[in-house]
Amino acid sequence: MSSETAHVQKLADDLTRWLTEDALPAWHAGGVISDTGECYDSIDLATQQGVPGDRRARVIPRQIYSFLEGARLGWKGPSESIATRLWAWFSDTYRMPDGTFAATAAMDNTLTDARFDLYNQAFVLFALAHMAAKIPACASSAEADAKSLVEVLVKSYKHPVIGFREDNPDRIPLRANPHMHLFEAAMAWESVSNDPMWSGMADELAELALTKLIDPVNGGLREFFDLHWGPLPGDEGRILEPGHHFEWAWLLVRWGTSRADADALVAARRLYDIGWTYGIDESRGATFMSINDDFSARDPVARLWGQTEWIKAAIALAGISVGAEREAYTADISLSVAALTAYFEDVPAGLYRDKWHVDGSFEDEAAPASSLYHIVCAISELNAFAKSL
């Protein structure tokens, strides 16, 4: 066994042990309401119990994925029961008459924000793909639900050129982020379903990234756009997020490899280079929130999720590289894992911090449930890479 293989396998083993022995038990005990099958939006670090309050629609599908994928990685808890009960509650509470899903609900399950958000719909599709893949009894109904939602999105929210609108009637800005997660969901469905609709959706979203979202001059990926997919005028249109550069790089490597698309792989490497060169603070060794389109620093707060996307992108690019380039990406796997595990220190086992300030301090706040999905996905990718060596 080479030293590279041994080191990567140890990183994978250590993080998987943390996930299956600490994190998922903590989020099951403190984050899931066993009597009702619901979940909390966050866990208080002092009490290790869920914090009552509005539950965001993006959180529940992420938790469904986290428990199901965690079980595949070795957690012995009742993942299928958790997932199916979460879905039943989510579907009953958040589903709107038009078939889309509302944004937030209170503890008594009254909707506190019924607005449409494309981002939330993407995670519904993502969770349903994993239910179809991991719970055979749910496969048929999950695909039916997913196709029904896509039909609504295409009918009422399809952009006339490419991608999707933010609302009907239109609302600006158009955003890259929801489309990134739709891309992720479409590729998750590709591995489950033979329906060519999913491959077609993935192809369109890759084209969107390559032709509209990525700046043709500097190779950076903008976050906000006008209604015609031009950069949003003003300061907001200048925002680039290094974590999303890593996340898009990971997705484009997956798509580009499956399609033998060299342009996608070139774009992925450039996105990674921008994130690595301009988006990592040397003093913390962590990727921070945002930069401007001239690559100057904008928001120096380092969120947990950015580190997980750095891990995934480094793994993806190591997997398609050779020689010194592969060694460099593999070294970055170690650096990004070290950045992630910094958020696990000085908190109860299985929980984490979320915001790391430039002065080295962490925000004193509850652990957000939404981050667990990012962690689980990074650990899953690291496991797969370790097994491939």
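Before I start, a word on classes: Ala, Val, Leu, Ile, Met, Phe, Trp, Tyr, Cys and Pro count as nonpolar, Asp, Glu, Lys and Arg as charged, and the others, Gly among them, as polar. With that in hand, and keeping in mind that this is a predicted model, we can turn to the second largest pocket, whose lining divides into 9 nonpolar, 3 polar and 6 charged residues. About 370 Å³ of space lies in this second largest pocket, and of the 18 residues that line it, Glu69, His130, Ser191, Arg254 and Glu381 lie nearest its centre. Which element gives the largest share of that lining? That is H4, with 5 residues.

The largest pocket holds about 520 Å³ of space, and its lining of 26 residues has Arg58, Tyr119, Asn177, Arg303 and Trp305 nearest the centre. By class, that lining has 7 nonpolar, 7 polar and 12 charged residues, and helices H6 (176-190), H8 (242-259) and H12 (370-388) each supply at least two of the lining residues.

Tyr119 comes back when we look at the rings, since ring pairs link Tyr65, Tyr119, Phe123, Phe126 and Tyr373 into a cluster. In total there are 25 aromatic pairs, and one of them is the tilted pair of tryptophan 87 and phenylalanine 90, 5.8 Å centre to centre with 45° between the planes. These two residues are both buried, and because they are 3 residues apart in helix H3 (residues 79-94), about one helical turn separates them.

Finally, rings also meet charges here: the charged end of lysine 312 sits over the ring of tryptophan 250, 3.8 Å from its centre, and that of lysine 158 sits over the ring of phenylalanine 164, 5.3 Å from its centre.

Methods: Residues numbered from 1 in each chain as written. Predicted model: local features only at pLDDT ≥ 70, side-chain atom pairs only at ≥ 80, totals over all residues. Heavy atoms only, no water. Phe/Tyr/Trp six-rings, centres within 6.5 Å; stacked < 30°, edge-to-face > 60°. Helix = DSSP H or I, 4+ residues; strand = E, 2+ residues; numbered from the N terminus. Buried < 20%, exposed > 50% of the residue type's maximum accessible area, 1.4 Å probe, protein only. Lys NZ or Arg CZ within 6 Å of the ring centre and 35° of its normal. 1 Å grid on protein atoms, 1.4 Å probe; cavity = no way out; pocket = protein on both sides within 12 Å on 5 of 7 lines; lining within 4 Å. Points joined across faces, edges and corners; volume = space filled by probe spheres on them.
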